[in-house]
Amino acid sequence: MPFNRKILITGGAGFIGSHVVRRFVKNYPQYHIFNLDKLTYAGNLENLKDTSEASNYTFIRGDIVDQTFIDELFAVEKFDAVIHLAAESHVDRSITNPLDFIMTNIVGTVNLLNAAKSVWQNPNSQSQTPFLFYHVSTDEVYGSLGKTGLFKESTPYDPRSPYSASKASSDHLVMAYHHTYKLPVVMSNCSNNYGSHHFPEKLIPLAINNIKNNKPVPVYGKGENVRDWLFVEDHAAAIDLIFHKGKIGETYNVGGNNEWKNIDLIKLLCDVMDKKLNRERGTSEKLITYVTDRPGHDLRYAIDSSKLQNELGWKPSVTFEQGLEKTVNWFLANEEWLNNVTSGNYQHYYEKMYSNR
Ligand code: NAD
Ligand code: DAU
């Protein structure tokens, strides 16, 4: 079957990106999905081993910071659309090494915008759909809430970590290309995701891994900080909907309406893990260890996703209890994946899969 759309997804070997790639490859056999990923420590082709042989899927290893590479790739492939997820994504790493975040999240995004602008102005003669640049962003750009209130699309930006400042810059640049050059863009800002294939430096997978291995579970400060958790497959569904139905030039907030204090969330996870591992109730909680707080730690994030719900009809498909259960089950069933990503063995997966092609 000939493809009717060439879509570039960046960062498709990462946590959220792999769910988006899997969904698009499976649900849209008429689209040719290209996954461009540098395979940093967070990128892992094992995340897509069920997708890699699909006839509408192509993996490209490359760095969005490399302007020449990006320009040549777009000139050759003339994509019809971009869904941009590639980023440095961990707040703690941005505190120790901000420059990586400036390069990938800001310079990399500008490289993609410039290449996208060229293709949009000079499209493939076989293109059947108008060009679209979809930028995937975060609720952290809005800063930190007090005890009440929700982030709306109109909330002023107030980023407070090098990570959120780099994402805020990229958001502004995406909107600037729309206003200045009329590049067709759409954007979404999502709250904290959780689910399968989550890299175990982030709170939920780190806690699952440590509880499983009877290691301390580090809770920053007093554990009073609040996050709004969304199951990753519901984020991927929102991205699918916004990509197909979102209004050009608009941004959509995506969130779980599911706020948890870190300490309450960790205690819930300890309970779930005790049951799964047949431990006496209260055993895993003993692993909770309060540690020095993250510098500049944002107190509370919470999203108002009513625009997405009312205008495009999105809603989360699972409750938090269901999502957490699925997540814990996945991590316990995929010990090899966990061992590979914590030991760095996943790099070998790339060599194994692509060295003889
Ligand atoms: P992740 O760190 O798991 O994955 C990032 C991917 O980008 C990796 O596969 C990595 O190899 C790739 N990458 C990094 N630098 C690159 C470069 N220079 N060139 C090409 N590829 C590169 O991140 P994630 O958690 O899946 O987040 C994906 C996107 O969603 C990010 O833009 C992030 O800001 C945003 N986001 C994440 C969350 C969340 O809770 N994880 C919430 C809202 C928004
Ligand atoms: O809100 C969306 C953002 O969510 C995304 O843009 C980021 O890419 C993603 O990493 C995530 O950022 P957070 O900083 O909120 O996620 P993290 O899992 O690192 O931390 C969640 C909360 O748990 C936060 O308040 C810090 C705390 N924490 C984290 C770790 C890793 C701990 O208490 N202990 C830990 O060991």
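Student: How do strand 6 and strand 10 pair?

Tutor: Two strands pair if DSSP finds at least two bridges between them. Strands here are DSSP runs of E, at least two residues long; helices are runs of H or I, at least four; both are numbered from the N terminus. Strand 6 (residues 185–190) runs parallel to strand 10, and four bridges join them. One of the partnerships is Met-187 with Thr-251 of strand 10.

Student: What kind of model is this, and how are its parts numbered?

Tutor: The model is predicted: local features need pLDDT of at least 70, side-chain atom pairs count only at pLDDT 80 or more, and totals for chains, interfaces and linings use all residues. Residues are numbered from 1 along each chain as its sequence is written, chains are lettered from A and ligands numbered from 1 in the order in which they are written, and side-chain values use heavy atoms, with hydrogens and water left out.

Student: Which way do the residues of strand 10 point?

Tutor: In a regular strand the side chains alternate between the two faces of the sheet. In strand 10 (residues 251–254), Thr-251 and Asn-253 point one way. Tyr-252 and Val-254 point the other way, and all are buried. Buried means under 20% relative accessible area, exposed over 50%, partly exposed in between (1.4 Å probe, protein chains only).

Student: Which face of strand 8 is covered?

Tutor: Val-217 and Val-219 form the covered face; Pro-218 and Tyr-220 form the uncovered one. Strand 8 also pairs with strand 12 (residues 288–291), in the parallel sense, over four bridges. There, Val-217 has Ile-288 as its bridge partner.

Student: Which ligand has strand 8 in its shell?

Tutor: A residue is near a molecule if one of its heavy atoms lies within 4 Å of it. Ligand 2 is surrounded by 23 residues, the closest being Thr-138, Asp-139, Tyr-163, Arg-294 and His-297. Strand 8 gives the most to this shell, with three residues.

Student: What polar contacts does ligand 2 have?

Tutor: A polar contact is a pair of N or O atoms within 3.5 Å; within protein, one must be able to donate a hydrogen and the other to accept it, and residues adjacent in sequence count only if both atoms are side-chain atoms. A backbone N or O atom of Ser-89 is 2.7 Å from an oxygen atom of ligand 2. For Leu-203, again with a backbone N or O atom, the distance to a ligand 2 oxygen is 2.8 Å. Arg-227 uses a side-chain N or O atom, 2.8 Å from an oxygen of ligand 2. On its own, ligand 2 has 690 Å² of accessible area, and the protein covers 94% of that. Such areas come from the Shrake-Rupley method with a 1.4 Å probe; for residues, only the protein chains shown count as cover.

Student: What surrounds ligand 1?

Tutor: 28 residues, with Ile-16, Asp-37, Ser-89, Tyr-163 and Lys-167 the closest. The side chain of Ser-89 places a polar atom 2.7 Å from an oxygen atom of ligand 1. Asn-193 has a backbone N or O atom 2.9 Å from a ligand oxygen. Taken alone, ligand 1 exposes 840 Å², of which the protein buries 97%. Strand 5 gives the most to the shell, with three residues.

Student: How is helix 7 placed, and what is its span?

Tutor: The expected span of a helix is 1.5 Å times one less than its number of residues. Helix 7 (residues 232–245) has 14 residues and reaches 20 Å from first C-alpha to last, close to the 20 Å expected. 10 of its 14 residues are buried, so helix 7 is largely enclosed by the rest of the structure. Among them are Val-232, His-235, Ile-239 and Phe-243.
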